[in-house]
Amino acid sequence: MADDHATSDTSRADQAGARVDALQRLWAPWRYGYVADDDPIEGCPFCVLPARPTADDRSTLILHRGRHTFVILNAYPYNPGHVMVVPHAHVDRLDLLDDEASDELWASTRHVARVLRERLGCNGVNLGMNLGAAAGAGIADHLHQHVVPRWQGDTNFVSVVGSSRVLPQALDETWQVLAGGFDAL
């Protein structure tokens, strides 16, 4: 159904002689950082980012560094607080992890789930690994465990109709909320 009332943006565009479509737009200028890659990573990000100094942890989104794994916020989150637990070893299969790394991967995952519930108040958590490109892994050469906080009703019209996500918090703010939860790990 066509809207009989033009918005101020439409009026300005019409006055300028520009063609106007009927799409509604969600304005989220803080997300520009996701598309403007001012710090391109050469190589595997799961190897490059933890090789940077610990003083850079906030800017690299690393929340915790363990002996065999590290915890990092997903730069392209499915939901606010979407975290990944990543082994330091550059392997693409679970059976290639040694026992100590495998144990720490699971212990860190358990800790992350607890921190997300305590600090973000989520109602549930999705865990998942996509092992291999055929399974949907975006970074197929370096396995990683996704830990995604979920809330009742967190899927809305944007997800269903627009194939998009609305993230109500900037990554730096999420890092700040979660970072203190890893002091005991």
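Let me begin with Leu61, which sits in the loop between helix H4 (57-60) and S1, and please keep in mind throughout that what we are looking at is a predicted model. The phi of Leu61 is near 70 degrees, a positive value in a residue other than glycine. Most residues other than glycine have a negative phi, which is the reason I single this one out. As for its surroundings, Leu61 counts as buried because its relative accessible area is 11%, and the cut-off for buried is under 20%.

Stepping back to the whole chain, the protein has 7 helices and 5 strands, and from the N terminus on these elements run α-α-α-α-β-β-β-α-β-β-α-α. Of its 185 residues, 35% count as buried, while the accessible surface comes to about 11600 Å², with 51% of that belonging to carbon and sulfur atoms. Among contacts with a separation of 6 or more, 61% are between residues 24 or more positions apart.

Now to the interior. The largest nonpolar core has 30 residues, and those with the most contacts inside it are Leu63, Ile72, Leu73, Val83, Val112, Leu116 and Leu178. At least two residues of this core are supplied by each of helix H3 (45-51), strands S1 (62-65), S2 (69-73) and S3 (83-87), and helices H5 (99-120) and H7 (171-179), with H5 giving the largest share, 6 residues.

Which residues, then, is Leu178 in contact with, if we leave aside its neighbours within four places in sequence? They are Leu63, Leu73, Gly81, Val83, Val115, Leu116, Arg119 and Leu120.

Conventions
Residues numbered from 1 in each chain as written. Predicted model: local features only at pLDDT ≥ 70, side-chain atom pairs only at ≥ 80, totals over all residues. Heavy atoms only, no water. Core = buried A, V, L, I, M, F, W, Y, C linked by side-chain atoms within 4.5 Å. Buried < 20%, exposed > 50% of the residue type's maximum accessible area, 1.4 Å probe, protein only. Helix = DSSP H or I, 4+ residues; strand = E, 2+ residues; numbered from the N terminus. Contact = heavy atoms within 4.5 Å. Areas by Shrake-Rupley, 256 points an atom, 1.4 Å probe, with all protein chains shown as cover.
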